[in-house]
Amino acid sequence: MGTISGRDYADQPQAVAIGATRQARRVIHDRIEAAKSLLWVAPAFVYLALFIAYPFVMSIYLSLSDARVGNPVWSYVGFRNFERLFQDPVFWQTVRNSFVFTFGSEAIRLVIGLPLAFALNRSFKGKRFVQGLILIPFVIPIALSSLAWKWMFDSLYSVVNWMLMTAHIIDYPWQWLGEPGLAMWAVIILNVWRGFPFSAIILLAGLTAVPVEVLEAAKIDGAGPLRRFHYVVVPIVKPILFVGLLYSIVFSFTDFSAVWLLTQGGPYNSTHVFGTYAYNVGINAGDIGMGAAITLFMFPLLAVFVVVMLRMLRRE
């Protein structure tokens, strides 16, 4: 057996001290990194707290009170605002309008965006210019685009009516913003025009992720265009499409600016969505508690939809 010299005994305390120093430095380094991590995410937490958590909690508080504009004294009324809401026929019309506006817009966006994405996925001269041109509706301020579409739908100066009458599709000028059915189509057209570039870009991002080798192999195996699309392209694009569709539906369901600037919910409440009706009741009519109850009604609907979409995405 070997023997341990006195020098080895002398070096042991020094090794222990070095190990302890390294351990202390590692602890300090870890704490510094943790502090840096908190510092980097702090702005996001502050943003979420001020602009999402606080308004949401305040909406719950207001919906359970009789708060009104100009009245500094509020009292707790429980679920009375929700009871009044469920007895309001205009509210249920607003619920129906919101679903028609949202899913009608998304269906048309998908029909337009899919072939557009396929076209942009091909190589042709001026492709970059066309891609930038398509993004214009998405980047134009909504106030400017809404005013332009309001002029195009005007009963006297409507460019849309002029084109339809020139093509002999209609015989007389349509009141796009004065008839309930046409007014809903008008706000859907505006929403589609504003959002179809986003749908096209999302689908284009999914198509670029499809390996060319897989498509060529399917083509060699005898798969036609429809079979290649259904069995090769769709499974790869579906997760990206779900994420884009989820964002787009939430964006449309909570939209306020487009509808308010174009029709203000009229005529005869035929285009009211949750945002415009809540603004009309809570701000214009002064019933803040009732307006808060209307906005809160969107939360369970969107929560159920988001959970379903995320579960479907997780299965993919």
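This short talk walks through a few places in the structure, beginning with the cores and ending with two single residues. Please keep in mind throughout that what we are looking at is a predicted model.

Let me start with the interior. The largest nonpolar core is made up of 18 residues, and those with the most contacts inside it are Phe101, Phe153, Trp176, Val187 and Leu262. If we ask which helices each supply at least two residues of this core, the answer is helix H7, spanning 159-166, helix H8, spanning 180-208, and helix H11. The largest share comes from H8, which gives seven residues. Apart from this core lies another one, of 17 residues, and among them are Val90, Phe91, Ile294 and Leu296.

Staying for a moment with Leu262, and setting aside residues up to four places away in sequence, we find that Leu262 touches Ser146, Trp149, Lys150, Leu177, Ala186, Val187 and Leu190.

Now to a pair of helices. Two packed helices are described by the angle between their axes and by the distance between those axes. For helix H9, residues 212-220, and helix H10, residues 225-253, the axes come within 11 Å and cross at roughly 145°, and the crossing is right-handed. On the H9 side the residues involved are Val214, Leu215, Ala218 and Lys219, and they meet Arg228, Val232 and Val233 in H10. Sorted by character, the residues of this contact are five nonpolar, two charged and no polar.

The next stop is His272, in the loop between helix H11, residues 257-262, and helix H12, residues 274-284. Is this histidine, His272, buried or exposed? His272 counts as buried, because its relative accessibility is 2%, and the cut-off for that label is under 20%. The side chain of His272 makes a polar contact, at 3.0 Å, with the side chain of Thr276. Beyond four places in sequence, His272 also touches Thr94, Asn97, Ser98, Gln264, Gly265, Tyr277 and Asn280.

Finally, let us turn to Trp151, which lies in helix H6, residues 142-152. With a relative accessibility of 47%, Trp151 counts as partly exposed. Leaving aside neighbours within four places in sequence, Trp151 is in contact with Tyr157, Ser158 and Val159. As for its separation from Ser65, the C-alpha atoms of Trp151 and Ser65 are 41 Å apart in space, while the two residues are 86 residues apart in sequence.

How values were computed
Residues are numbered from 1 along each chain as its sequence is written. This is a predicted model: local features need pLDDT of at least 70, side-chain atom pairs count only at pLDDT 80 or more; totals for chains, interfaces and linings use all residues. Side-chain values use heavy atoms; hydrogens and water are left out. Helices (H or I, at least four residues) and strands (E, at least two) are DSSP runs, numbered from the N terminus. Buried means under 20% relative accessible area, exposed over 50%, partly exposed in between (1.4 Å probe, protein chains only). A polar contact is a pair of N or O atoms within 3.5 Å; within protein, one must be able to donate a hydrogen and the other to accept it, and residues adjacent in sequence count only if both atoms are side-chain atoms. Contact means heavy atoms within 4.5 Å. Axes are lines fitted to C-alpha atoms, for helices over the stretch in contact, and angles run from 0 to 180 degrees between N-to-C directions. A crossing is left-handed if the near helix is turned anticlockwise from the far one by less than a right angle, and right-handed if clockwise. Ala, Val, Leu, Ile, Met, Phe, Trp, Tyr, Cys and Pro count as nonpolar, Asp, Glu, Lys and Arg as charged, and the others, Gly among them, as polar. A nonpolar core is a set of buried Ala, Val, Leu, Ile, Met, Phe, Trp, Tyr and Cys residues joined through side-chain atoms within 4.5 Å.
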